[in-house]
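Open the model in your viewer and keep the selection tool at hand. The stops below go from pockets to helix contacts.

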Amino acid sequence: DLRGCTFYDLFDREIIVWSDIVKLPSFALTKGDVQVDTSAYFLFNEDEKINNKYLLAFLNSTLSFYYMKLIASVLGSGALRWKKLFVEQIPIPKIDKEEQKPFEILVDYIMFSKENNMINEAFLFEAIIDNMVFDLYFEEDMKKADCFLSSRVKEIVKPLGKYDTDEFKKNFIKIIYDIFKEDKTVQRSLIFSRNIEVVSII
């Protein structure tokens, strides 16, 4: 019974949800169309300076997963307890809204790709987000190794249009995918960033 719940009205807003016991990050974005039971959690982002899709990108990143493995409870199956008290400890960089936009756009690409069985595209976009997160935390190391890719990604990505057809979006995402696959800056970062000491331990 939610009639006495102080945050009942917030369920009409966009929220982030995730499962309690999983082996990999499973954060997802939803809006008023899901019920969360005792085996899952939800997050209302009330910071107007942080976009939900930037938050989602970061929470699903390899670096976020690495941090959770350090602080969360690990079960015998290898799964983690993604309790909210642990998730709230993840140090998420606060960057201005303009710098958040490439993350938001890539999340839109990923969500659409997964909905349309574009597995290779989704995998590549997720890998790019991982390295953009490394750029946030290890900017000096990434630049020193000539693996900093955030500036180049910002030049390439363009938002999907509100009124674009699904067919247009599929073709557009395939074009962006091909550009990333051929771009020397992006590919160098994806291939060689793992040689950077601070990144190799993650």
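What follows is a tour of two pockets and three helix contacts in a predicted model.

**Stop 1: the largest pocket**

Select Asn60, Ile110, Lys114, Glu126 and Ala127, which lie nearest the centre of the largest pocket. The full lining has 26 residues, and the volume of the pocket is about 680 Å³. Which elements supply at least two residues each to this lining? Colour β3 (28-31), α1 (52-59), α2 (62-71), α4 (97-115), α5 (119-137) and α8 (166-182) to see them. Of these, α5 gives the most, with seven residues. Colouring the lining by class gives 17 nonpolar, five polar and four charged residues.

**Stop 2: the second largest pocket**

Next, select Ile95, Glu99, Pro102, Phe103, Met132, Asp135, Leu136, Glu139, Phe148, Ser150, Ser151 and Lys154. These residues line the second largest pocket, whose volume is about 190 Å³. Here α4, α5 and α7 (150-156) each supply at least two lining residues. The classes in this lining are six nonpolar, two polar and four charged.

**Stop 3: α4 against α5**

Both linings draw on α4 and α5, and the pair is the next thing to show. How do the two helices run relative to each other, roughly parallel or roughly antiparallel? Their axes come within 9 Å and cross at roughly 155°. An angle over 145 degrees counts as roughly antiparallel, and α4 and α5 are therefore roughly antiparallel to each other. The crossing of α4 and α5 is left-handed.

To display the contact, select Pro102, Phe103, Leu106, Val107, Tyr109, Ile110, Ser113 and Lys114 on the α4 side. On the α5 side, add Glu121, Ala122, Phe125, Glu126, Ile128, Ile129, Met132, Val133 and Leu136. This contact holds 13 nonpolar residues, one polar and three charged. Ile110 and Lys114 of α4 and Glu126 of α5 take part in this contact, and these three are also among the residues nearest the centre of the largest pocket.

**Stop 4: α5 against α8**

Keep α5 on screen and add α8. The axes of α5 and α8 come within 10 Å and cross at roughly 55°. That angle makes α5 oblique to α8. The crossing of these two helices is left-handed. For the residues in contact, pick Asn120, Glu121, Leu124, Phe125 and Ile128 from α5, then Ile173, Lys174, Ile176, Tyr177, Phe180 and Lys181 from α8. Sorted by class, they are seven nonpolar, one polar and three charged.

**Stop 5: α5 against α9**

The last selection is α9, residues 184-192. Its axis and that of α5 come within 10 Å and cross at roughly 75°. At this angle α5 is roughly perpendicular to α9. Leu124, Ala127, Ile128 and Asn131 of α5 make the contact with Val186, Ser189 and Leu190 of α9. The contact of α5 with α9 has five nonpolar and two polar residues, and no charged ones.

To finish, centre the view on Ile128 of α5. This residue belongs to the contact with α4, to the contact with α8 and to the contact with α9. Then move to Ala127, which takes part in the contact with α9 and lies among the residues nearest the centre of the largest pocket.

Notes:
Residues numbered from 1 in each chain as written. Predicted model: local features only at pLDDT ≥ 70, side-chain atom pairs only at ≥ 80, totals over all residues. Heavy atoms only, no water. 1 Å grid on protein atoms, 1.4 Å probe; cavity = no way out; pocket = protein on both sides within 12 Å on 5 of 7 lines; lining within 4 Å. Points joined across faces, edges and corners; volume = space filled by probe spheres on them. Helix = DSSP H or I, 4+ residues; strand = E, 2+ residues; numbered from the N terminus. Nonpolar A, V, L, I, M, F, W, Y, C, P; charged D, E, K, R; others polar. Axes fitted to C-alpha atoms, helices over the stretch in contact; angles between N-to-C directions. Parallel < 35°, antiparallel > 145°, perpendicular 65-115°, else oblique. Left-handed = near helix turned anticlockwise from the far one by under 90°. Contact = heavy atoms within 4.5 Å.
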